[in-house]
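Trainee: Please take a close look at a single part of this model, the ligand and the space around the ligand. I would like one connected account.

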Amino acid sequence: MTILYEWPPVRSQRVKWALEELEIGYRSQLVNLPEGEQNTADYRAIHPLGVVPALRTDAYTMFESVAIVLQLIDEHPEKKLAPAVGSPQRATYYQWSVFACAELDPAVMMYFNNTMRPREAMHPPGTPHDPKLAALGKSDFAARADMVSKVLSEKDYMLGTEFSGADILIGHSCFMATHMGLINDFPVLEAYYERLHQRPAHKRAYGA
Ligand SMILES: N[C@@H](CCC(=O)N[C@@H](CS)C(=O)NCC(=O)O)C(=O)O
């Protein structure tokens with residue numbers, strides 16, 4: 001049985017969306033972050049940093065949302081959510097997939113951590129919000145959102161006409177940005193996220 005360790009609506013949703021797109025049976029194991037369940041010895045044995053998501057299958061346990069999504073997609077080539085290994089399209093797929101966690105997530109999180117994140121949930125607890133870092137997160141996001149918008153002004157999806165795993169990964173960053181009010185200045189991204197939201201698997205993972 002596949003187990004998803006999650007606490008919606010955080011980056012575990014990315015994995016949940018992939019599980020739903022791929023029609024993989026799984027059990028959800030909630031890790032109550034506000035209650036500190038991520039710090040129990042049992043959960044730290046699964047993820048030593050005490051963050052979600054993590055995934056346990058009959059064959060392996062792993063963490064890192066983007067890596068998990070890429071792995072699951074590779075396990076299900078029949079679903080055609082990734083171009084062939086070694087193809088030129090695969091280069092673009094890797095590029096945008098990693099861009100989601102290496103460029104978009106940090107910008108969005110910098111903004112969140114310095115605006116909306118409850119101070120008791122900061123590391124260490126009580127750390128005050130820093131308006132300069134909030135502004136930096138916002139401008140970092142804008143530079144990256146511009147890049148993604150340019151791609152999506154010519155195509156429906158990150159790789160062209162077909163939905164792929166790169167859309168799950170970039171799409172989740174858009175979800176985060178939407179909830180932080182960062183996406184409003186990027187109508188192409190808003191329309192893209194709305195397109196993704198219409199997918200039944202997205203609705204099952206994130207709610208209607
Ligand atoms: N790079 C990791 C980031 C995971 C992460 O930071 N998760 C956050 C929620 S989005 C978390 O579990 N935070 C728990 C905490 O801060 O105590 C991934 O993408 O899986």
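Mentor: What follows goes from the ligand outward to the pocket and then to some backbone details.

The model is predicted, and the values below are computed from it. The shell around the ligand consists of V10, R11, L33, Q38, G50, V51, V52, P53, E64, S65, R117 and H123. Sorted by class, this shell holds five nonpolar, four polar and three charged residues.

Three side chains in the shell can be described by their distances to ligand atoms. S65 places a polar side-chain atom 2.7 Å from an oxygen atom of the ligand. For E64, the partner is a nitrogen atom of the ligand, and the distance from a polar side-chain atom is 2.8 Å. Q38 has a polar side-chain atom 3.0 Å from an oxygen atom of the ligand. The ligand taken alone exposes 510 Å², and the protein buries 82% of that area.

The next step is the pocket. Rolling a probe the size of a water molecule over the atoms shows where empty space is left. The ligand takes up the space of the largest pocket, which has a volume of about 1200 Å³. There are 38 residues lining this pocket, and V10, L33, M109, F112 and R117 are the closest to its centre. Of these, V10, L33 and R117 also belong to the residues that surround the ligand. The lining of the largest pocket is made up of 21 nonpolar, 10 polar and seven charged residues. Two helices, α4 (88-113) and α6 (165-179), each supply at least two residues of that lining. The most comes from α4, which gives five residues.

Now the backbone, starting with two residues of the ligand shell, V52 and P53. The peptide bond that joins V52 and P53 is cis, with omega about 10°. P53 sits in the loop between α2 (41-46) and β3 (54-56). H123, also part of the ligand shell, is joined to P124 by a cis peptide bond with omega near -5°. P124 is in the loop between α4 and α5 (131-152), and α4 is the helix that gives the most to the pocket lining.

One further backbone value concerns E23. Its phi is near 55°, a positive value in a residue other than glycine. E23 is located in the loop between α1 (12-22) and β2 (26-30). These backbone values are worth listing because most residues other than glycine have a negative phi, and most peptide bonds are trans.

Technical notes
Residues numbered from 1 in each chain as written. Predicted model: local features only at pLDDT ≥ 70, side-chain atom pairs only at ≥ 80, totals over all residues. Heavy atoms only, no water. Near = heavy atom within 4 Å. Polar contact = N/O pair within 3.5 Å; in protein donor to acceptor, adjacent residues only side chain to side chain. Areas by Shrake-Rupley, 256 points an atom, 1.4 Å probe, with all protein chains shown as cover. 1 Å grid on protein atoms, 1.4 Å probe; cavity = no way out; pocket = protein on both sides within 12 Å on 5 of 7 lines; lining within 4 Å. Sits in = over half its atoms within 2 Å of the grid points. Nonpolar A, V, L, I, M, F, W, Y, C, P; charged D, E, K, R; others polar. Points joined across faces, edges and corners; volume = space filled by probe spheres on them. Helix = DSSP H or I, 4+ residues; strand = E, 2+ residues; numbered from the N terminus.
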